[in-house]
Amino acid sequence: MTTESPATTGSPEPAGASYAAAGVDIEAGDRAVELMKEWVRKTRRPEVLGGIGGFAGLFDVSALKRYERPLLASATDGVGTKVDLARRLGVYDTIGHDLVGMVVDDIVVCGAEPLFMTDYICVGKVHPERVAAIVKGIAEGCVLAGCALVGGETAEHPGLLGEDDFDVAGAGTGVVEADRLLGADRIRTGDVVIAMASSGLHSNGYSLVRHVLLDRAGMALEGRVEELGRTLGEELLEPTRIYSLDCLALTGTTEVHAFSHITGGGLANNLARVVPDGLHAVVDRSTWTPGPVFDLVGRAGRVEREELERTLNMGVGMIAVVPRESADTALTVLADRDVEAWVAGEITDRGDHTTGAALVGDYAV
């Protein structure tokens, strides 16, 4: 029995397989790296060695010799389904601010100074200008946080993601002197809870927000919403506020016992994470008015207040717990840095062994 070759049957021989034929464009990836270099350079700190393109980012830690007992703090995060809105609107240069905020503001909660970050961008197809715009936002966020962007990775996943689909993640490292570590063990009865205003929804709860406003209410991202004073898309893509330098300014000026980054789970659940056993944080809703986007989500989806409060930040992005005698100084420091802040509550002793945080009263109108 003989087998005919493709040549003898008249059938063309299939071309050899290639990475490009499989959907990965190496040249586009190289182009993206060239476009992002200028933005990465803007984040450079004196401790950074080398430049973009190496296999690993290098950071000179000899400066840590001045610490008696330096503790490294690390965090990693993403921005969730907010990336879907960026994709729909074709706006890619703000989502990086969200990524940096989610990472560095977790680091600063323990009192640590963010030193550097790395990022990971996963795309269905590399569009160099689009990837560069994402990195531009990350770099701008790092500048606002005072940290360096020392490296990253862009991965192209054809067949797994659509051509316009993407996701981002990042990791950061910071340092704090051991005896300046903040947390629950410092909090005492009578401490004051200072709230710092959020810039909007930040980067949590977008599965609920998208479901309510886009799916159920059928609102258009490009449509102007009078109560918001801008389009819905502009409101939903408002970047996460980055508090790290503001928090470090507080710790460098006055006594701070703890911070709490208000992310997924809402204000009460995140604040409870830094309250010690036997004490309770009581936050008075009447001390502030949540922005109109929170009311919009509640009304459009008939979402109960309790559900909103355990999903969204309700207008508070960061909490500082300070001794009562430090409250005025803390508020002055934050005001000088253009951070809207106010005394929102206090730490109490309930006389039992329960621990946690609670919201009381009604929001101001």
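**Exercise 1. A bridge inside one helix**

R299 and D295 both sit in helix α10, 4 residues apart, about one turn of the helix. Helices (H or I, at least four residues) and strands (E, at least two) are DSSP runs, numbered from the N terminus. This is a predicted model: local features need pLDDT of at least 70, side-chain atom pairs count only at pLDDT 80 or more, and totals for chains, interfaces and linings use all residues. Residues are numbered from 1 along each chain as its sequence is written, and side-chain values use heavy atoms, with hydrogens and water left out.

Task: Find what R299 forms with D295, and state how exposed R299 is.

Solution.
- Step 1. Recall the rule: a salt bridge is a side-chain nitrogen of Lys or Arg within 4 Å of a carboxyl oxygen of Asp or Glu.
- Step 2. Check the distance. The closest N and O atoms of R299 and D295 are 2.7 Å apart, and the two residues form a salt bridge.
- Step 3. Recall the exposure classes: buried means under 20% relative accessible area, exposed over 50%, partly exposed in between (1.4 Å probe, protein chains only).
- Step 4. Classify. R299 has 46% relative accessibility, so it counts as partly exposed. D295 has 42%, so it is partly exposed too.

**Exercise 2. More salt bridges**

Task: Which parts of the chain does the pair of D362 and R305 tie together?

Solution.
- Step 1. Confirm the bridge. The side chains of D362 and R305 meet at 3.2 Å, N to O.
- Step 2. Place both ends. D362 lies in the segment after β14 (356-360) and R305 in helix α11 (residues 305-309), so the pair ties together parts that are 57 residues apart in sequence.
- Step 3. Look at exposure. D362 is exposed at 52%. R305 is partly exposed at 36%.
- Step 4. Add another bridge. R310 pairs with E307, with the closest N and O atoms 2.7 Å apart.
- Step 5. Widen the view. Salt bridges that share partners join D84, R87, R88, D165 and R210 into one network. The structure holds 18 salt bridges.

**Exercise 3. Rings that meet**

Task: How many aromatic pairs does the structure hold? Classify the pair of F59 and F116.

Solution.
- Step 1. Recall the rule. Rings of Phe, Tyr and Trp (its six-membered ring) pair if their centres lie within 6.5 Å; planes under 30 degrees apart count as stacked, over 60 as edge-to-face and the rest as tilted.
- Step 2. Count. The structure holds 4 aromatic pairs.
- Step 3. Apply the rule. F59 and F116 are 4.9 Å apart centre to centre, with 45° between the planes, and the pair is tilted.
- Step 4. Place the rings. F59 lies in strand β2 (residues 58-59) and F116 in strand β4 (residues 113-123), so the pair ties together parts 57 residues apart in sequence. F59 is buried at 15%.
- Step 5. Try a second pair. W288 and W342 have ring centres 5.9 Å apart and planes at 40°, so this pair is tilted. W288 is in the loop between β11 (279-284) and α10 (292-301), and W342 is in strand β13 (residues 341-349), 54 residues apart.
- Step 6. Check burial. W288 is buried at 5%, and W342 is buried at 13%.
- Step 7. Extend the group. W288, W342 and Y363 form one aromatic cluster.

**Exercise 4. The nonpolar core**

Task: Which residues have the most contacts inside the largest nonpolar core?

Solution.
- Step 1. Recall the rule. A nonpolar core is a set of buried Ala, Val, Leu, Ile, Met, Phe, Trp, Tyr and Cys residues joined through side-chain atoms within 4.5 Å.
- Step 2. Read off the core. The largest has 76 residues, and those with the most contacts inside it are M117, F166, L232, L236 and L271.
- Step 3. Find the main contributor. Helix α5 (residues 128-145) gives the largest share, 7 residues.
- Step 4. Find the other core. Apart from it lies a core of 21 residues, including V108 and Y243.
- Step 5. Add the background. In soluble globular proteins, nonpolar side chains tend to be buried together.

**Exercise 5. A positive phi**

Task: Is M314 buried or exposed, and where is its place?

Solution.
- Step 1. Note the angle. M314 is not a glycine, yet has a positive phi of about 55°.
- Step 2. Compare with the rule. Most residues other than glycine have a negative phi.
- Step 3. Locate M314. Its place is in the loop between α11 and β12 (316-322).
- Step 4. Classify. M314 is buried at 7% relative accessibility.
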